[in-house]
Amino acid sequence: MNFIMEFVRNTGINEFLNDPVLLGKTLAMYVIIGVLVYLAIGKKFEPLLLLPIAFGMLLANLPGAELFHMEYFTDPSGNLDYGQILKGGLVDILYLGVKLGIYPSLIFLGVGAMTDFTPLIANPKSLLLGAAAQFGVFAAFFGALFLGFAPEAAAAIGIIGGADGPTAILVTKSLAPHLLGAIAVAAYSYMALIPIIQPPFMKLLTTKKERSVVMNNLRPVSKVEKIVFPIAVTVVVCLLVPDAAPLVGFLMLGNLFNVCGVTDRLSKTAQNELCNMLTIFLGVSVGATANAEDFLSKETIYIIGLGLAAFILATCAGLLFGKLMYLVTGGKINPLIGSAGVSAVPMAARVSNTVGQETNPSNFLLMHAMGPNVAGVIGSAVAAGVFLQYFIV
């Protein structure tokens, strides 16, 4: 009988019964988790990311499971007690890859191997469109300051506007780890919803004539240019913003694997096995930071609102700069490619192409939109480096 009573006392159900407030918050989290699972499986919105994040959230909100302890990683001094962590739960160990900045940088290695920089090399002007879209980052940053967030937390929230999940995670784990769950969920959710968020603003800010513009074919890019580009970008960007080196450096290394022609095995590994494993570890680890106590707060509501505003402003800034380039070039640039300046590769470029074809079925903007799209990846990494360089002493 004593054994049975002890077993009952140690169940998660008993914790629920003894703490009605915990029960209410946890049930609310289960609803949020259910929505994310539905978006991932039912709607197929970024399932490779949203599903691991949602399941990580579920693991973090199982009373008594003790898989993750955020308090191990939030020492104000920044020190980690590895002995304590290794005695913790499974996710505590996995989370070390987030805390030490390993997962985001290695995922950028895979992204670089999968990304074609040819459109950007062929049309360097598209770099300006990627830079214009970073307006959303700094708008969200100042908006967060206005709402009372500390500057470090505001910087982490601002990076949501870069539409780049690994970048947002790298900045947040360094500047505001207590907000990691909310920021990661907001960043990846809005990335998944780009096909819904962007088109109304694309149609609102452009005319039918502008959307119908057929752009000239891009010039051929030599192999030498493809090889020199990632090396040159790494040197230039990392000399100017050293804290961007983990992201930009690995992004360009992955691309170099892909274009040099002698490291096919490394390129395929970075694109497939390595990237897939890291996505699982990163998703589960980040999702586990979203426990009911921290996630269900006024701050989370602000973060979700600021993240949405950042995406919209980034899209609008890219479109407006695209309209400017349309005027300057005498109608040779289709403004729709400006919306691809957000960093969600290649989804944002596909949305630009889709909206363009709705207006003119013979219009193919995908390769043109990929220029601003990959420029946005570089731009968000640089913005992250600026924030880290400024706020980390």
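**Exercise 1. Decide whether Asn363 is buried or exposed in this predicted model, and state which residues it touches.**

Solution. Begin with the accessibility: Asn363 has a relative accessible area of 1%, and since buried means under 20%, Asn363 is buried. Next, place Asn363 in the fold, where it is found in the loop between α21 (347-359) and α22. Then list the contacts, not counting residues up to four places away in sequence: Asn363 touches Arg211, Ser212, Val213, Val214 and Met215, together with Asn334, Asn353, Gly356 and Gln357. Finally, for a long-range distance, take Leu90, which is 273 residues from Asn363 in sequence and 50 Å from it in space, C-alpha to C-alpha.

**Exercise 2. Find where Val374 is placed and what it is in contact with.**

Solution. The place of Val374 is in helix α22, which covers residues 366-391. Its relative accessibility is 0%, so Val374 counts as buried. Leaving aside neighbours within four places in sequence, the contacts of Val374 are Thr115, Asp116, Phe117 and Leu120. Pro52, by comparison, lies 322 residues from Val374 in sequence and 25 Å from it in space, C-alpha to C-alpha.

**Exercise 3. Describe the largest nonpolar core and the residues with the most contacts inside it.**

Solution. The largest nonpolar core has 118 residues, and within it Phe117 and Ile303 are those with the most contacts. Helix α22 supplies the largest share of this core, namely twelve residues. Turning to Ile303, and leaving aside its neighbours within four places in sequence, one finds contacts with Phe149, Ile157, Ile160, Leu179, Ala182, Ile183 and Ala186.

**Exercise 4. Work out how far helix α13 is enclosed, and check its span.**

Solution. Helix α13 (residues 180-192) reaches 18 Å from its first C-alpha to its last, which is close to the 18 Å expected at 1.5 Å a residue. Because 13 of its 13 residues are buried, α13 is largely enclosed by the rest of the structure. Ser189 belongs to this helix and is buried, with a relative accessible area of 11%. Not counting residues up to four places away in sequence, Ser189 touches Leu36 and Leu50.

The second of these partners leads to helix α4 (residues 47-60), whose 14 residues should span 20 Å at 1.5 Å a residue, and whose end C-alpha atoms are indeed 20 Å apart. In α4, Leu50 is buried, as are Leu49, Pro52, Ile53, Ala54, Gly56 and Met57.

**Exercise 5. Characterise the crossing of helices α7 and α18, and classify the residues that meet there.**

Solution. The axes of α7 (residues 102-114) and α18 (residues 264-287) come within 8 Å and cross at roughly 145 degrees, and the crossing is left-handed. From α7, the residues in contact are Tyr103, Leu106, Ile107, Leu109, Gly110, Ala113 and Met114, while α18 contributes residues including Ala270, Leu274, Cys275, Leu278, Phe281 and Leu282. By class, this contact has twelve nonpolar, five polar and no charged residues.

**Exercise 6. Determine how Ile227 is classed by accessibility, and which residues it is in contact with.**

Solution. Ile227 lies in helix α16 (residues 223-240). With a relative accessibility of 27%, Ile227 counts as partly exposed. Leaving aside neighbours within four places in sequence, Ile227 is in contact with Leu256, Val259 and Cys260. Ala153, which is 74 residues from Ile227 along the chain, is separated from it by 38 Å between C-alpha atoms.

Notes
Residues are numbered from 1 along each chain as its sequence is written. This is a predicted model: local features need pLDDT of at least 70, side-chain atom pairs count only at pLDDT 80 or more; totals for chains, interfaces and linings use all residues. Side-chain values use heavy atoms; hydrogens and water are left out. Axes are lines fitted to C-alpha atoms, for helices over the stretch in contact, and angles run from 0 to 180 degrees between N-to-C directions. Helices (H or I, at least four residues) and strands (E, at least two) are DSSP runs, numbered from the N terminus. A crossing is left-handed if the near helix is turned anticlockwise from the far one by less than a right angle, and right-handed if clockwise. Contact means heavy atoms within 4.5 Å. Ala, Val, Leu, Ile, Met, Phe, Trp, Tyr, Cys and Pro count as nonpolar, Asp, Glu, Lys and Arg as charged, and the others, Gly among them, as polar. The expected span of a helix is 1.5 Å times one less than its number of residues. Buried means under 20% relative accessible area, exposed over 50%, partly exposed in between (1.4 Å probe, protein chains only). A nonpolar core is a set of buried Ala, Val, Leu, Ile, Met, Phe, Trp, Tyr and Cys residues joined through side-chain atoms within 4.5 Å.
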